[in-house]
Structures are given as C-alpha cells and as structure tokens.
Amino acid sequence: MVDGKLVPVLDAQKLAQNLSGFNLIDGALVPALSGRTFPIVNPATGLEISTAAFSVVQDVDAAVEAAQRAQPDWAGTPARRRGALVMECARLLEAHVQELSRLVTLETGKALRTESRTEAAGIADMLLFYGGLGSELKGETIPHRPDMLTITLREPIGVVGAILPWNAPMYILAMKIAPALVAGNTVVVKSAEEAPLAVLRVCQILNQVLPKGVLNIVSGYGPECGAPLVAHAAVGKITFTGSVETGKIIYRTAADKLIPVTLELGGKSPMIVMPDADLDKAAAGAVAGMRFTRQGQSCSASSRMLVHSSVHDEFVAKVKALVDAMKIGDPMDEATDIGTIISRGQYDKVSSYIAAGRATADATAVECCTLPTDPGLGGGLFVRPVMFTGLTNDSRLAREEIFGPVVCVIKFSDYEEALSLANDTSYGLTASVWTRDLKTALDASQKLQAGFVQVNQNIVAQPGLSYGGVKNSGLGKEASLEAMLDHFTQKKTVIFNMQ
Ligand code: ADP
C-alpha cells in the first residue's frame, strides 16, 4: 500500500501467496467461513502456488447479503457517476497490467507475452468502454394517448451472479461486471476453480474505488459454490460462461426462479477458405483464430477449417509453417509463444482426442512445434498443436468442443458444400469466411449460423461489438451497449394520467 492504494506486486508467487485462501466480501478479504481451502497449481510446473477459499452455501449467502445491502445506494447513485467510478477502476487497472499478466500466467500457464498481457490490458479497455455508457440507460416516451404521458424506465435488476471460466478469466470478468455495475446492479462473482487468483486481485483493485458490497467474489467448485449462487432467492440474474452441460443446469434452476440468464457456452467454429482466398492472410488468420498461443483454449477457436480441395494442401503447409515457427515453453519467458494446458484433467481430455484422431483410418496428424526440453518444465502440461486432415465432419473431433490445440481441416469441393458443412454443428458462436469475392462474402455472412461472423479476419471479442452465440453456443449478447441494456436492466412502463 502507498497512500492507501494497492501497489503492483510483480513477484507473482508472492502475490499468489498474499491472496491465498481468500474471498472478497463486503469490501474485505475473508477466508471461507469453514476455513477450508483447495490448492492452486501452476500448470507449467505442476507445483502448488497458492490456495483458494473453498466456499459453500454460507459463504455465498454472506456475499449475496453484502451485495443486497449495497444495491439500493448503488442504484441511487447517478448513472454517469457510476460510469465515472468504473472508469476510475479502469485507470487503476492500467497501473497493474504487468502484475496481473504475471499472476494470470502463473495460475493458467498462458504465455505472458502473447496472451496474458493482452488480456490484462484488455480489461481496462472494457471498463472504459462501459464506463462511458452511463447516460445510455435511457427510457422512452410512448405516444400512447394525448391525455396520458407514458414513459419507460430502465432499472437495474438487483443482485447479479457472474460465473466465470478459466480460459480468459479477467477479460470475461470485465465483460460481465462492467455492464452490470454501470446499470446499477451489484455483483457476486464466482471464479473458476482453476483460475481464482487474478480475478480476485482485479476485484481487490476495483474495491478501492467501488463502495463496499458492490462487487464481491467467491471461489469454489461448481456444485458447492456455483449452484447455491444460481439458486439464491435474492440473485435476480445469472451471467455465465462455461460448458453446455453446466449452462443447461443453470438455465433449469433459473427457470424455476423465473430469472433471466446470459449463457456463453462455447463452439466448434468453422473457418471457410475459398479457392480465391489470399492464402497467406488466411493462414495467419487461422493461427490467430485457432488461438494457438492459448493452446486453443477458447470458445471461439476456429477449430474446424473447411478448405477448398484445390488449396487444401498449400493452406495446411502454410499454417504448419507459421505454427512451427512458434515456441512452446515457460509461459513466463518473454520468448515463449505458446504456454500450457490449464489442468491435468484438461490435458488428459485433449490427449484422448488426439489419440482418437490418430486411431481414425484415413486421418493424418500434422503435428507442429517441438516440446520444451528444459528439465525445470518436466511437470508442465505442454501439448504440441496438431491439425488433423482426412477427418469427416461427423467425426467426434469435428463435432465436440475439445478446448485444446487440435484442429480438423476438412476438404470441400464447392461453396454450397462448405456452407452446409459449416452449419452442420450443434454450436453457433463464431464463423469466418475467406474469399476475395464480394458475393460469396455477403452470402456467407447471411447464411452462416453463428452470432459473430467475420470476413477475411479472425479477431477476438471487442468492446462495443455484441458477442454471443446461437444454437448450443448460448443465449444473449455480451461486450456491447445492447448487452448492458437488454441483459442487465429491466424495463418499467409508467403512465401519468393528466386529466
Ligand atoms: P469447464 O468444464 O470448462 O470447467 P464448466 O461449465 O464446468 O466448464 O465450468 C464453468 C464455471 O461454472 C466454473 O466456474 C464452474 O465452477 C462453474 N460451475 C460448474 N458447475 C456448476 C453448477 N452446477 N452451477 C453453477 N456453476 C457451476
């Protein structure tokens, strides 16, 4: 602390220790009421770096009660003032980019230079975007009858529960809390069990500015901590990012309570490469879209590359050359491009898909990069990125979300076939088409069944652009003005009888 403000702690190990075993409730770091914790492991070494509070229903109750107590005053704070406070939070975060990127690297194994630093810088950007939108929480005047003035008001929902995944924990935290807070809600966050530390630190930093109880965070496992948060009678909205199975469980509980949900549930996103595409750009876009630097651990990963047969081999060779030039290694090393898989369980899952691909007749595994040889990284969960060619779209690898560096490259012979392969999936989060032909681009952008479609690029979610899926990829939008208005407020109609 300097002048009562937190100072960045660049020693990630030390910071992880300082945060060990805590929730943040009502403005204070507190252990779980039971005193229980669970270990947090660095996936690059296999060593325990810290612990997290093992929260259960009583801890969730305490956090929700704090949020409930804080909500009336927060809702009564002028909207632009709330926005200004959120922007002040963003400025504080800017001073913590190095610290946060090191901490999230330590707990997730994501590469510091290519992944974590971008994520840490991105959260301030998301908060700045939403912080400027306070005055957009406008209602309408409705031409109902001349003798009656009819208006609508946008009001906060109350207490929002935000349930996080581990892959981009800070960015997804920011996407959820910023619109919720600016709209006048108070929030209880539940972190992912694999990555609770960086998000706890972000909330601690934000609590220097926000009134106590406005933003609370608890750590724990899904059934013991996430489920009671969803079920809590005072929680009026759940925003969730995670698996389809858990999303459906949450939706059922929410249905019993008749509360709204936003569900972002992953994908199996197609990338169509037409024969007239600029293949160098498409190959670079494939590397970016597949999030190879994050070991493919992204909901929007372009994990199904649908490539015209005339350019298939050349495209695969170009992507392989780009990935081969990347270095897998110690995530903290500035020279590293690709870090580790998040956990042993996820490593085993990814490995079993790779084994299934290898065992498939007619499939060829195009493996990229080399594994690190440093003995200090012997316990690390490193995987070589692999592209499978020769698989069909109905193979398990092409249908199920792997959340690892495993790509299916599938040949097509004409545009209609490409479109039909692209849409033949239970998911619908993102899609891209690579072509120089305007007609194909326009047609595909209308016919691709996905919530976020790009032509000749594959960038990640951005502040201001509605992000969210169709089909099994979920419900609702995030990251935009629409997301704040539609998903974190409720509309009230008011009629003044003037006779
Ligand atoms: P993944 O398999 O990628 O970890 P999950 O959907 O299991 O995805 O987890 C995403 C988040 O949902 C995590 O924070 C997890 O603890 C939480 N979660 C898991 N099960 C439940 C549940 N039944 N109710 C609420 N949250 C849950």
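Asp324 and Lys320 form a salt bridge in this predicted model, with their closest N and O atoms 2.8 Å apart. Both residues belong to helix α11, and because they are 4 residues apart, about one helical turn separates them. Asp324 has a relative accessible area of 34% and is therefore partly exposed. Lys320, at 26% relative accessibility, likewise counts as partly exposed.

Helix α11, which spans residues 312–324, also contains Lys318. The side chain of Lys318 meets that of Asp280 in a salt bridge, with an N to O distance of 2.9 Å. Asp280 lies in helix α10, so this pair ties together parts of the chain that are 38 residues apart in sequence. Lys318 has a relative accessibility of 24%; since buried means under 20% and exposed over 50%, Lys318 counts as partly exposed.

A further salt bridge involves the loop that follows helix α10. Arg294 is located in the loop between α10 (279–289) and β13 (304–308), and its side chain meets that of Glu115 at 3.0 Å, N to O. Glu115 sits in helix α5, residues 112–131, and the pair links distant parts of the chain, 179 residues apart. Arg294 and Glu115 are both buried.

Salt bridges also occur as a network, in which Arg358, Glu367 and Arg384 are linked. Over the whole structure, the search finds 21 salt bridges.

The final site to consider is Thr430, whose surroundings include polar contacts. Thr430 is placed in strand β17, which covers residues 430–434. With a relative accessible area of 8%, Thr430 falls under the 20% limit and is therefore buried. Its side chain makes a polar contact with the side chain of Ser269 at 2.8 Å. In addition, a polar atom of the Thr430 side chain lies 3.3 Å from the backbone oxygen of Ser300. Ser269 and Ser300 both appear among the residues in contact with Thr430 when its neighbours within four places in sequence are left aside. The other residues in that set are Pro270, Ala450, Phe452 and Tyr467.

Taken together, these sites can be followed in the model from helix α11, where Asp324 and Lys320 are paired, through the link between Lys318 and Asp280, to the buried pair of Arg294 and Glu115 and the buried Thr430 in strand β17.

Conventions
Residues are numbered from 1 along each chain as its sequence is written. This is a predicted model: local features need pLDDT of at least 70, side-chain atom pairs count only at pLDDT 80 or more; totals for chains, interfaces and linings use all residues. Side-chain values use heavy atoms; hydrogens and water are left out. A salt bridge is a side-chain nitrogen of Lys or Arg within 4 Å of a carboxyl oxygen of Asp or Glu. Helices (H or I, at least four residues) and strands (E, at least two) are DSSP runs, numbered from the N terminus. Buried means under 20% relative accessible area, exposed over 50%, partly exposed in between (1.4 Å probe, protein chains only). A polar contact is a pair of N or O atoms within 3.5 Å; within protein, one must be able to donate a hydrogen and the other to accept it, and residues adjacent in sequence count only if both atoms are side-chain atoms. Contact means heavy atoms within 4.5 Å.
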